[in-house]
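Here are my notes for you to read alongside the model. Keep the 3D view open and tick off each point as you go.

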Amino acid sequence: MDAPILGASGRAEATRPAPRVPLGELVFALLMLALGVFALVGAFSIHVPVGVKVGPTIFPIFVSIVLLGSAAAVLVSVLRGNRAEVEEGEDIDPDAKTDWLTLAKIVGAVVAHLLLIDVIGWAPAAAVLFGVVAWSLGAKRWWLAFVIGLVLGLVVQVVFGGLMGLSLPWGPALGWLGGMF
Amino acid sequence: MDSWTLLLEGFATALQPQYLIFAFFGVLIGTAVGVLPGIGPAMTVALLLPLTYTLDPTAALITFAGIYYGGMYGGSTTSILLNTPGESASIVTAIEGNRMAKLGRGAAALATAAIGSFIAGTIATVGLTLLAPVLAQFAVNLGPADYVALIVIAFVTVGALIGSSVPRGMTSLGVGLFLGLVGTDTLTAQQRYTLGLLPLSDGIDIVLVAVGLFAVGETLYIAARLRHGGIDVIPVTGGWRSWMTKDDWKRSWKPWLRGTAIGFPIGTIPAGGADVATFLSYATERKLSKHKKEFGRGAIEGVAGPESANNAAAAGVLVPLLTLGLPTTATAAIILVAFQAYGLQPGPQLFQNQPALVWALVASLYLGNVILIVLNLPLVGMWVKLLQIPRPYLYAGILLFAAFGAYALNFAVVDILILVIIGVLGYFMRRFGYPVAPLVVGMILGPMGEEYLRKALQLSQGDLSTLVMQPFAATAYIVLALLVAGGLWLRRRQTRYEQQLTESIAVPIKADQEV
């Protein structure tokens, strides 16, 4: 790809072999800019009651200006070749590539969890969440992950739902247990 | 003198057995979660927020004080004992402790960190006791325009000074301000940015945003590039009583005190939080040390000073939080959320209306420090075990508790959906170098700022000049300019310093490997 217009600086490329066009960064900065536009347009569609002098639109306009200004500044700096500095962490492999499949599995697990809570009860849904996430992160024995998840879910359900009175649904399989509290 | 009587009454409350148990529990669980790798203090506090839902306000705040100090301290154990290759000078201050551990002096590093944290925490809490009532007294007389000025200071310093890029920090702040707008305007009952969706008409709960960004976003970020394979924990040998030699004590006590002197004032002003304090302390110790050559290879001063500075700053952050209601770090912002969950608004009024509660909280900070040191040294074996939790289970557990916390807010599954969406946003923000702390601070302070702004403008009948004409507000804006300039200058120095340090450390590391 020949895109010297973007002028990725030599310094940034020397430290890290990155694609020449930081597509993700540009898209994200554009999204932030779009959010600013949305906020500004939305501000003018807020209904201001008659006779109100300092109304509900003043602060939204201020917020839109902050968003538009800073997002534009990010966009310009990315285009001028200043790449993002990302944080490192104890469990992060700095040389690894982004594993999109694992991310999709984890997000899917949380969505499945929220859909299942009212159907099979909180603790079983918690087991699903824990099991799928642990499995997708590479737990050695997948069944053990589900067992741990179920135990953890039951402990939380009994302590917070049963003893401390938070209304976590018990679900059809554990209804008898819920009856004991 | 009056505040000492109040403090004694606070101790009388906090020393009651049931509250003592809550303080103990808070420190224990705060340290345990803080020790877990990948979990910083902000995430610790956010994750443990739901635990306090069912407690009465005093018990909840006492538990929280324990969690706060425990979480702050827990991280240092992680960085001393966990052997992670590839992470060079990103946390320059953690490096000395890690090197010490590799040389078999991990026990001394842990001990000097623990004792330093205790001393710094206690002295800084005394500072808080002295300073807070004076400041609260002063703040009672501030008008709406003055508060607008204070909030603008918090916005700009947090946005510009947290993270590595000013425009990215300000964007993050803007997103937070925007999320704070979503919902129904309190003064005119108009819906704003709700898209006609019912769950949004009450606004987005800040707990969802904090947990979503810190727990879900961070987990996704780590999951995407998880380090697989064995976990390398450096073993700690010997009984904890014999950890520090006489020489260690002699080399540690001055850095402890200097760290406190650096950390507390920096914590109280909005200048980028504990990071700046630890860096300044490290640089100072390196300059003053008689053992300059040891720096980069495990100098005990390089652990003692920054650890003390870190804890002193943690106490310092509570000064503006309690007296003005201004959070200057992400962790402080989440503590503010905990207050608000009980209908308490930190600020000068809190000192007048709820003195018993405030002073019980301050007293529990003293107790928390004592509990911290009593627990930490003997329990180090347990912390080491925690470091060895297999990562798939660890992160599955974090997500489970995040989802539980979100669900327990209103028992509505839609909250978990919002949590995931915020989590994905947090992932991309982190991936593209946007700090998430300004978002949380912006979302909390935004509605407050709007209220004061509108009050001020109503008083002046729409005349904008009222915002800068008050003597206090005008001074505040000048101070703001100085803070930002000074903060940015400091950060540039820090970056340069760390680069040089990485280069100078790289040589001894290579030498180590050849041996």
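**Notes on the two chains**

1. Let's begin with a long stretch in chain B: helix α4 covers residues 57–81, so 25 residues by the DSSP count (helices are H or I runs of at least four residues, strands are E runs of at least two, both numbered from the N terminus). Helix α4 of chain B reaches 36 Å from its first C-alpha to its last, close to the 36 Å expected at 1.5 Å a residue (that expectation is 1.5 Å times one less than the number of residues). α4(B) is also mostly covered, with 23 of its 25 residues buried. Here "buried" means 20 or more other C-beta atoms within 10 Å of the residue's own, "exposed" means 12 or fewer, and "partly exposed" is in between, with C-beta atoms placed from the backbone.

2. Before going on, a word on the ground rules: this is a predicted model, where local features need pLDDT of at least 70, side-chain atom pairs count only at pLDDT 80 or more, and totals for chains, interfaces and linings use all residues. Residues are numbered from 1 along each chain as its sequence is written, while chains are lettered from A and ligands numbered from 1 in the order in which they are written.

3. Now look at α6(B), residues 144–161: it has 18 residues and reaches 25 Å, close to the 26 Å expected. Is it enclosed, and why? 17 of the 18 residues of α6(B) are buried, so the rest of the structure largely encloses it. Just after α6(B), B:Gly163 takes a positive phi of about 90 degrees.

4. Next, a helix pair. α2 (17–35) and α3 (41–48) of chain B pack at about 125 degrees, with their axes 9 Å apart; axes are lines fitted to C-alpha atoms over the stretch in contact, and angles run from 0 to 180 degrees between N-to-C directions. That makes α2(B) oblique to α3(B), because angles under 35 degrees count as roughly parallel, over 145 as roughly antiparallel, 65 to 115 as roughly perpendicular and the rest as oblique. On the α2(B) side, B:Ile29, B:Gly30, B:Val33 and B:Gly34 meet B:Pro41, B:Thr44, B:Leu47 and B:Leu48 of α3(B) (contact means C-beta atoms, placed from the backbone, within 7 Å). By class, this contact has five nonpolar, three polar and no charged residues. Ala, Val, Leu, Ile, Met, Phe, Trp, Tyr, Cys and Pro count as nonpolar, Asp, Glu, Lys and Arg as charged, and the others, Gly among them, as polar.

5. Two backbone oddities deserve a click. B:Ala189 has a phi near 60 degrees, positive in a residue other than glycine, and is found in the loop between β1 (183–184) and β2 (191–192) of chain B. B:Ala189 is exposed, with 10 other C-beta atoms within 10 Å. B:Tyr193 has a phi near 55 degrees, again positive in a non-glycine residue, and its place is the loop between β2 and α8 (206–224) of chain B. B:Tyr193 is partly exposed, with 18 such neighbours.

6. Over to chain A, which has seven helices and zero strands. Of its 181 residues, 35% count as buried.

7. How many residues of chain A are in contact with chain B? There are 67, and they meet 65 residues of chain B. α3(A) gives the most to that side of chain A, with 11 residues. The residues of this side divide into 43 nonpolar, 14 polar and 10 charged.

Conventions. Two residues are in contact if their C-beta atoms, placed from the backbone, lie within 7 Å.
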